[in-house]
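Here is a short set of exercises to work through with the structure open beside you. Each begins with a task and is followed by a worked solution, taken one step at a time.

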Amino acid sequence: MRPGEYRQTTVAVDSFDPNPNGLYNMNGNVSEWVWDYYGAYPTEEQTDPTGPDSGSLRVYRGGGWNDFAKNMRSAYRATLEQDKGNFNIGIRLVRSAAVGTGSVTAANTRTDGSSGGDVLIAYFSWGGNTAGIAEEIQAQTGADLFEIELVTPYSSDYNTVLDQAQRDQSEQARPELSTHVEDMAQYDTILLGYPNWWASIPMPIASFLEEYDFSGKTIIPFCSHGGGRFGQSLTAISKLAPDAVMGQALSIHYSGGAALSGDVAAWLEENRITAN
Ligand SMILES: Cc1cc2nc3c(=O)[nH]c(=O)nc-3n(C[C@H](O)[C@H](O)[C@H](O)COP(=O)(O)O)c2cc1C
């Protein structure tokens with residue numbers, strides 16, 4: 001080989017023993033990109049920490065072939081801008097990862113290829129776009145439709161609601177809801193609709209997710225947005241309903257226009273939701 005030239009070799013996944021959790025190649029070979037954004041470690045005790053909610057640097061761990069031996073351990077972390085790659089960084093493909101969330105739902109993954117059971121369409125909408133999408137979903141599925149409403153509604157003035165929403169988000173408020181699902185136990189799948197507010201969920205969605213037990217249920221988000229698609233909303237939902245399975249989420253630009261019906265149909269099919 002000439003200086004500076006690297007030879008590509010292939011190493012079978014099971015060339016070395018797995019760790020006690022049955023995982024192969026956690027250290028060495030290439031460093032592993034993980035979903036966490038980089039941030040200072042919190043000082044208090046943590047259980048399964050997932051890093052800060054936002055940032056531009058992602059963490060990689062485990063050490064790669066050109067690292068010092070002392071870095072060949074999972075506790076070692078380094079960072080790189082999330083849109084950059086490097087010859088000593090790789091990704092681990094996880095079959096049951098929930099798309100766009102950083103969550104792995106191995107124990108809960110749907111394997112029978114159908115949504116099963118009853119479907120609820122639950123949505124919050126301020127300006128009507130999400131409501132319109134929810135109604136289109138209802139027309140195509142015949143599923144029950146439920147609007148998440150507030151005891152004290154947000155202002156109908158756009159500039160005021162921008163401030164209110166930002167305040168609620170920074171305070172992590174849980175606005176009191178005036179509508180409640182009578183018997184959540186009957187639903188196995190919840191199609192959860194909301195507008196992208198400040199690159200995340202409106203806080204009434206947090207109130208809703210904390211009100212019920214979603215363990216074993218499938219939550220499939222649909223999000224109306226003005227260009228920011230899901231923002232951090234999928235991460236927020238998976239943190240608030242950690243025991244639910246996340247389906248393939250749908251993002252719709254504002255009301256979805258003429259493409260809405262086809263987009264909804266394709267999304268329902270992708271998630272194997274059939275008419276009730
Ligand atoms: C308070 C507020 C914050 C918003 N923040 C975002 C945002 O961060 N990114 C984005 O793409 N759109 C944002 N939008 C636009 C909405 O997501 C978009 O207009 C959506 O279609 C509204 O749905 P709705 O009519 O069901 O309320 C925001 C709108 C409001 C009122």
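Of the 276 residues of the protein, 39% count as buried. Please keep in mind throughout that this is a predicted model.

**Exercise 1. Get an overview of the fold.**

Task: Find how many helices and strands the protein has, and describe its contacts and surface.

Solution.
- Step 1. Count the secondary structure: there are five helices and twelve strands.
- Step 2. Look at contacts between residues at least 6 apart in sequence; 72% of these join residues at least 24 apart.
- Step 3. Turn to the outside. The accessible surface is about 15,800 Å², and 49% of it belongs to carbon and sulfur atoms.

**Exercise 2. Describe the surroundings of the ligand.**

Task: Work out which residues and elements surround the ligand, and to what class the residues of the shell belong.

Solution.
- Step 1. Collect the neighbours. The ligand is surrounded by 21 residues, and the closest are Ser125, Asn129, Thr130, Ser224 and Gly228.
- Step 2. Assign them to elements. At least two residues of the shell come from each of helix H1 (129–141), helix H2 (158–170) and strand E10 (218–225). H2 gives the most, with four residues.
- Step 3. Sort the shell by class: ten residues are nonpolar, eleven are polar and none is charged.
- Step 4. Check backbone atoms against oxygen atoms of the ligand. A backbone N or O atom of glycine 127 lies 2.8 Å from a ligand oxygen, for glycine 226 the distance is 2.9 Å, and for glycine 128 it is 3.0 Å.
- Step 5. Ask how much of the ligand is covered. On its own the ligand exposes 630 Å², and the protein buries 88% of that.

**Exercise 3. Look again at glycine 128.**

Task: Place glycine 128 in the chain, and decide whether it is buried, partly exposed or exposed when only the protein counts as cover.

Solution.
- Step 1. Locate it: glycine 128 sits in the loop between strand E7 (118–123) and H1.
- Step 2. Take its relative accessible area, 36%; this falls between the 20% and 50% cut-offs, so glycine 128 is partly exposed.
- Step 3. Compare sequence with space. Glycine 128 and tyrosine 254 are 126 residues apart in sequence, with their C-alpha atoms 9.4 Å apart.

**Exercise 4. Classify two aromatic pairs.**

Task: The structure holds eleven aromatic pairs. For tyrosine 212 with phenylalanine 214, and for phenylalanine 222 with tryptophan 267, decide whether the rings are stacked, tilted or edge-to-face.

Solution.
- Step 1. For tyrosine 212 and phenylalanine 214, the ring centres are 6.1 Å apart and the planes meet at 70°; planes over 60 degrees apart count as edge-to-face, so that is the class of this pair.
- Step 2. Check their exposure: tyrosine 212 and phenylalanine 214 are both buried.
- Step 3. For phenylalanine 222 and tryptophan 267, the centres are 5.8 Å apart and the planes are at 65°, so this pair is edge-to-face.
- Step 4. See what the second pair connects. It links distant parts of the chain, with phenylalanine 222 in strand E10 and tryptophan 267 in helix H5 (residues 260–270), 45 residues apart.
- Step 5. Add their accessibility: phenylalanine 222 is buried at 0% relative accessible area, and tryptophan 267 is buried at 3%.
- Step 6. Return to the first pair. Tyr212 and Phe214 belong to one aromatic cluster with Phe146 and Phe208.

**Exercise 5. Follow serine 251 to an unusual backbone angle.**

Task: Identify the side-chain polar contact of serine 251 with an arginine, then describe that arginine.

Solution.
- Step 1. Place serine 251 in strand E12 (residues 250–253).
- Step 2. List its neighbours, leaving out residues up to four places away in sequence: serine 251 touches Cys223, His225, Arg229 and Phe230.
- Step 3. Pick out the polar contact, which joins the side chains of serine 251 and arginine 229 at 3.3 Å.
- Step 4. Now examine arginine 229, in the loop between E10 and helix H4 (233–240). Its phi is positive, about 45°, although it is not a glycine.
- Step 5. Judge its exposure: with 48% relative accessibility, arginine 229 counts as partly exposed.
- Step 6. Try tryptophan 198 too. This residue lies in the loop between strand E9 (187–195) and H3, and its phi is near 50°. Its relative accessible area of 41% makes tryptophan 198 partly exposed.

Key:
Residues are numbered from 1 along each chain as its sequence is written. This is a predicted model: local features need pLDDT of at least 70, side-chain atom pairs count only at pLDDT 80 or more; totals for chains, interfaces and linings use all residues. Side-chain values use heavy atoms; hydrogens and water are left out. A polar contact is a pair of N or O atoms within 3.5 Å; within protein, one must be able to donate a hydrogen and the other to accept it, and residues adjacent in sequence count only if both atoms are side-chain atoms. Contact means heavy atoms within 4.5 Å. A residue is near a molecule or strand if one of its heavy atoms lies within 4 Å of it. Accessible areas come from the Shrake-Rupley method with a 1.4 Å probe; for residues, only the protein chains shown count as cover. Ala, Val, Leu, Ile, Met, Phe, Trp, Tyr, Cys and Pro count as nonpolar, Asp, Glu, Lys and Arg as charged, and the others, Gly among them, as polar. Rings of Phe, Tyr and Trp (its six-membered ring) pair if their centres lie within 6.5 Å; planes under 30 degrees apart count as stacked, over 60 as edge-to-face and the rest as tilted. Buried means under 20% relative accessible area, exposed over 50%, partly exposed in between (1.4 Å probe, protein chains only).
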